[in-house]
Amino acid sequence: MSNQLIIENTANHVMNTYGRFPIALVKGKGVRVWDADGNEYLDFASGLAVCNLGHCHPDVVAALKAQAETLIHVSNLYHIEPQSRLAEMLTQNSFAGKVFFCNSGAEANEAALKLVRKYFAVRNSPRYQVITMEKSFHGRTFGALAATGQKKFQEGFEPLLEKFTYVPFDDIRAVKKAVNEKTAAVMLEPVQGEGGVNVPSEKYMKDLRAFCTEAGILLVFDEVQSGMGRTGKLFAYEHYGVTPDIMTLAKGLAGGVAIGAMLATDEAASAFTPGTHASTFGGNPLATAVGIAALKVLLEKGVIENCRKTGEYLVKRLNALKRKFPFIKDVRGKGLLIGAELAEGIKGGDIVKECMSKGVLINCVHDKVLRFIPALIVTEKEVDEMLGVLEGALAGVKA
Ligand SMILES: *Cc1c(COP(=O)(O)O)cnc(C)c1O
């Protein structure tokens with residue numbers, strides 16, 4: 001099928017929930033993808049921070065094929081070897097004591113919110129409210145949607161799950177003011193992704209950890225986007241020298257295959273007992289076998305090191321563009337989760353389209369922060385290639 005035919009078929013049969021670009025991607029290899037008409041693109045969007053190892057990484061493909069020929073799915077009523085091994089790898093490499101598997105970021109956050117409630121319910125505590133951040137993004141299911149501190153995602157879906165309080169990001173006084181005897185947890189992204197690539201200060205994260213411990217409430221990190229090496233460490237919390245009580249993962253966890261996970265300390269996790277939470281597909285043999293392969297590549301093949309180095313290079317080069325194009329107001333981020341904020345009135349979406357027409361895929365959030373989230377295996381040469389096209393697009397902007 002051609003781009004045009006796929007576009008028409010989509011319009012006729014798929015619900016209209018995405019403003020899609022007018023191409024259909026049919027093939028990928030490393031940091032490149034191809035559309036149905038054979039056009040090649042350098043991919044700095046990576047399935048939205050999912051394909052951290054690039055497209056169709058050979059180790060991921062091999063694990064997928066081998067597991068597909070062995071066992072694709074069984075119920076969680078039975079034990080699943082790759083599930084237990086991926087959980088072991090995750091707990092060995094994080095603060096966590098136990099893992100619950102599901103299938104997406106939103107689902108992982110639902111699991112986290114349910115664990116928060118259960119944690120206090122089994123203690124006969126009246127705490128159930130959760131404080132989240134303005135500009136946060138936690139997903140589209142009802143609980144995750146209520147946790148998301150952005151009106152535009154919630155409109156038309158009220159009444160939302162109670163009870164969330166939204167406070168400004170990176171503002172410890174606001175958190176302290178919002179906490180009361182009903183507060184159960186504070187939940188945040190250690191680097192906000194969808195909200196515009198916002199990085200909090202180390203002091204804020206340390207103060208927040210200390211405050212939650214002191215107040216007897218749980219600290220939840222949504223690392224659905226920032227986790228799995230994306231920020232130059234396996235988990236973004238490592239940048240701040242703090243650990244949460246609960247953490248959620250998804251996007252980059254299984255090399256592009258759908259998966260989600262909610263990790264917790266043994267103490268928090270013990271609130272869940274048989275029957276309290278479940279997922280039919282969660283932790284299935286296929287997704288977790290691929291997750292093992294993907295995590296091995298991340299840990300053993302210098303991918304995170306490359307992310308850190310190439311990320312620094314990208315920031316340096318973007319700052320040079322910022323000096324040349326003053327309508328770039330700010331360049332920020334960690335590792336390869338990088339944002340370039342544009343001045344009011346500059347349409348980021350137009351820049352994205354122009355880059356696409358020249359064979360480079362980048363992303364933009366809120367029409368004003370260009371977001372660069374390439375595979376963590378990207379090279380400086382590929383960064384240069386992207387920037388060459390970006391610079392051309394920026395030169396065409398009427399500021
Ligand atoms: C993408 C994202 C989610 C939602 O993940 P889905 O798999 O789309 O449900 C949640 N939290 C953060 C921080 C995300 O970036």
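Let's start where two helices touch: I351, E354 and C355 in α13 meet V389, L390, A393 and L394 in α14. Sorted by class, that contact between α13 and α14 has six nonpolar residues, no polar ones and one charged residue. Keep in mind that this is a predicted model, so everything below is read off computed coordinates.

How do these two helices sit against each other? Helix α13 covers residues 348-357 and helix α14 covers residues 380-395, and they pack at an angle of about 130 degrees with their axes 9 Å apart. An angle over 145 degrees would count as roughly antiparallel, and α13 and α14 are therefore called oblique to each other. The crossing of α13 and α14 is right-handed.

Now turn to what α13 lies on. This helix lies across β12, β14 and β15 (369-372), and it runs at about 170 degrees to β14. Those strands belong to an open sheet of four, in the order β11-β12-β15-β14, with antiparallel pairing. At its edges stand β11 (328-334) and β14 (363-365); each has a single partner strand, so one side of each is left without a neighbour in the sheet. From one strand to the next, the twist averages 25 degrees.

It's worth looking at one pairing in this sheet up close. β11 and strand β12 (residues 337-342) are paired in the antiparallel sense over six bridges. If you want a spot to click on, take V331, whose bridge partner in β12 is A340. As a reminder, strands of a sheet pair through backbone hydrogen bonds, either parallel or antiparallel.

The protein has another open sheet to visit, this one made of seven strands. Their order is β4-β10-β9-β8-β7-β5-β6, and the pairing is mixed. β4 (98-102) and β6 (164-167) are the edge strands, each pairing on one side only. Neighbouring strands in this seven-stranded sheet are turned against each other by 20 degrees on average, ignoring direction.

In which sense do β5 and β6 pair? Strand β5 (residues 129-133) and β6 run in the parallel sense, and four bridges hold the pairing on record. Within it, V130 stands opposite F164 in β6.

There's a second helix pair to look at as well. Helix α3 (residues 58-68) packs on helix α11 (residues 285-300) at an angle of about 155 degrees, their axes being 9 Å apart. Angles over 145 degrees count as roughly antiparallel, and that label therefore applies to α3 and α11. As with the helices we began with, handedness can be assigned: α3 passes α11 in a right-handed crossing.

Who does the touching here? On the α3 side you'll find D59, V60, A63, L64, Q67 and A68, and they meet P285, L286, A289, V290, A293, A294 and V297 in α11. By class, the contact of α3 with α11 has 11 nonpolar residues, one polar and one charged.

Finally, zoom out. The protein has 14 helices and 15 strands. Its C-alpha trace spans about 60 × 55 × 45 Å along the principal axes. What radius of gyration would a compact globule with 399 residues have? The expected value is near 21 Å, and the protein has 21 Å, which agrees.

Technical notes: Residues are numbered from 1 along each chain as its sequence is written. This is a predicted model: local features need pLDDT of at least 70, side-chain atom pairs count only at pLDDT 80 or more; totals for chains, interfaces and linings use all residues. Side-chain values use heavy atoms; hydrogens and water are left out. Two strands pair if DSSP finds at least two bridges between them. Axes are lines fitted to C-alpha atoms, for helices over the stretch in contact, and angles run from 0 to 180 degrees between N-to-C directions. Angles under 35 degrees count as roughly parallel, over 145 as roughly antiparallel, 65 to 115 as roughly perpendicular and the rest as oblique. A crossing is left-handed if the near helix is turned anticlockwise from the far one by less than a right angle, and right-handed if clockwise. Contact means heavy atoms within 4.5 Å. Ala, Val, Leu, Ile, Met, Phe, Trp, Tyr, Cys and Pro count as nonpolar, Asp, Glu, Lys and Arg as charged, and the others, Gly among them, as polar. The radius of gyration is taken over C-alpha atoms; the globule rule is 2.2 Å times the number of residues to the power 0.38.
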